[in-house]
Amino acid sequence: MYYYDTAIGKIGVAEEEGWITNVILEADNFQEECIQEETELLQKAAEELREYIEGSRKIFDLPLRPQGTPFRQRVWEALCTIPYGETRSYKDIAHAVGNEKACRAVGGANNKNPIPIFIPCHRVIGADGKLVGYGGGLEMKIKLLELEKR
């Protein structure tokens, strides 16, 4: 894992065996012990993150390996299909994973997303268009959505 100071706050990126496994946002309380070392993959992730924040990158090209249940995996895959600058409701994502009544479960999967930003859970909003919940805090969610509107 390695921490980077970015224009949107301090962000930690973790990798294991050549895969990005976690992104830690400044608001998160990450207690797990990790080796603090910058690898080639983490440097690439930091570069893509910087480009994203600057507005020159809209799609990430990183090997991601989030750990979760099969349902959460399907939700996270669906999140990755939301185009840059667009949003979807929890109901839209529930429909995309084949269970339109699973809005709350989609919310739970969003909450457990171990790789925020790269897996864009910030692009999911309430059915009424309101911003609801974000692991990195609503302020971070607003920053990310505004960044994508530029």
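The legends below describe views of a predicted model of a single chain.

**View 1. Order of helices and strands along the chain.** The chain holds five helices and five strands, and, read from the N terminus, these elements follow one another in the order β-β-β-α-α-β-α-α-β-α. The run thus opens with three strands before helix 1, which spans residues 40–54, is reached.

**View 2. Overall dimensions of the chain.** The radius of gyration of the chain is 15 Å, which agrees with the value near 15 Å that a compact globule of 150 residues would have. Along the principal axes, the C-alpha atoms occupy a box of roughly 45 × 35 × 25 Å.

**View 3. Burial and contacts within the chain.** Of the 150 residues, 42% are buried, and among the contacts between residues at least 6 apart in sequence, 59% link residues that are at least 24 apart.

**View 4. Surface and charged side chains.** The accessible surface of the chain amounts to about 8,500 Å², with 47% of this area belonging to carbon and sulfur atoms. The side chains include 19 positive and 24 negative ones, and the centres of these two sets are 10 Å apart.

**View 5. Close-up of Glu48 and its surroundings.** Glu48 is a residue of helix 1, which covers residues 40–54. Because its relative accessible area is 3%, and buried means under 20%, Glu48 counts as buried. When residues up to four places away in sequence are left aside, Glu48 touches Arg57, Phe60, Asp61 and Leu62.

Definitions and conventions:
Residues are numbered from 1 along each chain as its sequence is written. This is a predicted model: local features need pLDDT of at least 70, side-chain atom pairs count only at pLDDT 80 or more; totals for chains, interfaces and linings use all residues. Side-chain values use heavy atoms; hydrogens and water are left out. Helices (H or I, at least four residues) and strands (E, at least two) are DSSP runs, numbered from the N terminus. The radius of gyration is taken over C-alpha atoms; the globule rule is 2.2 Å times the number of residues to the power 0.38. Buried means under 20% relative accessible area, exposed over 50%, partly exposed in between (1.4 Å probe, protein chains only). Contact means heavy atoms within 4.5 Å. Accessible areas come from the Shrake-Rupley method with a 1.4 Å probe; for residues, only the protein chains shown count as cover. Lys and Arg count as positive and Asp and Glu as negative; His and the chain ends are not counted. The place of a charge is taken as NZ of Lys, CZ of Arg, CG of Asp or CD of Glu.
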